[in-house]
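Here are a few friendly notes to read alongside the model. Keep the structure open and find each residue as you go.

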Amino acid sequence: MSQSKKRYKAVIGDKNYTIIGNESKAHMDAVVSLANHQLEMIGKKSPDISLEQKSVLLAINALSDQLTLQHTINELKDQMAILQAELSECEALKKEVAKVKELEKRLHRYESIEAEAKRAIINSTKSRQELSPAEVQKIMNKQSLAKIEQDKKRKG
């Protein structure tokens with residue numbers, strides 16, 4: 001959406017100007033005030049130069065400041081890109097940590113199952129070396145069924 005151009009009457013260095021732009025009156029008043037202040041400062045340092053020469057020096061100073069600020073903006077953009085990349089790496093690491101935690105939970109569950117299997121083997125008549133994994137599972141299933149039956153009897 002384009003803004004309509006506005007006309008501003010300004011006095012800069014004792015000369016009248018009409019400035020056309022999109023900025024607010026407050027913004028333009030600040031610009032005019034700053035320009036007059038800087039012209040005054042240049043005049044104090046070089047009292048024998050004309051308004052035209054002061055104006056050229058003011059323009060050179062403004063362009064120099066603009067280039068310095070643009071350089072700073074570019075450096076900040078580069079730093080921001082680096083920080084965003086680091087943030088992405090941190091987010092990827094957070095996802096990896098979540099995966100590791102899930103794997104640790106699974107490992108704990110498997111360790112519990114293994115401990116239960118060891119208890120089942122100890123309670124069986126055969127030694128651990130004689131049992132196949134399938135036989136261990138059968139023993140565990142029998143124990144689980146027995147626990148379920150006991151729970152049903154208690155509740156029923």
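**Notes on helix α1 and its surroundings**

1. Start on the outside: exposed residues A26, K44 and K45 sit on the face of α1 that points away from its buried side. Here exposed means over 50% relative accessible area, buried under 20%, and partly exposed in between, with a 1.4 Å probe and protein chains only. Helices are DSSP runs of H or I with at least four residues and strands are runs of E with at least two, numbered from the N terminus.

2. This is a predicted model, in which local features need pLDDT of at least 70 and side-chain atom pairs pLDDT 80 or more, while totals for chains, interfaces and linings use all residues. Residues are numbered from 1 along each chain as its sequence is written, and side-chain values use heavy atoms, without hydrogens and water.

3. Now turn α1 around: its buried residues are M28, V32, A35, L39, I42 and G43. They lie on the same side of α1 because they cover an arc of only 100° around the axis, taken from the directions from the helix axis to the C-beta atoms.

4. Which residues make up the largest nonpolar core? The seven are A10, I12, V32, A35, L39, I42 and L58. Such a core joins buried Ala, Val, Leu, Ile, Met, Phe, Trp, Tyr and Cys residues through side-chain atoms within 4.5 Å. β1 (6-12) and α1 are the elements that give two or more residues to this core, and α1 gives the most, with four.
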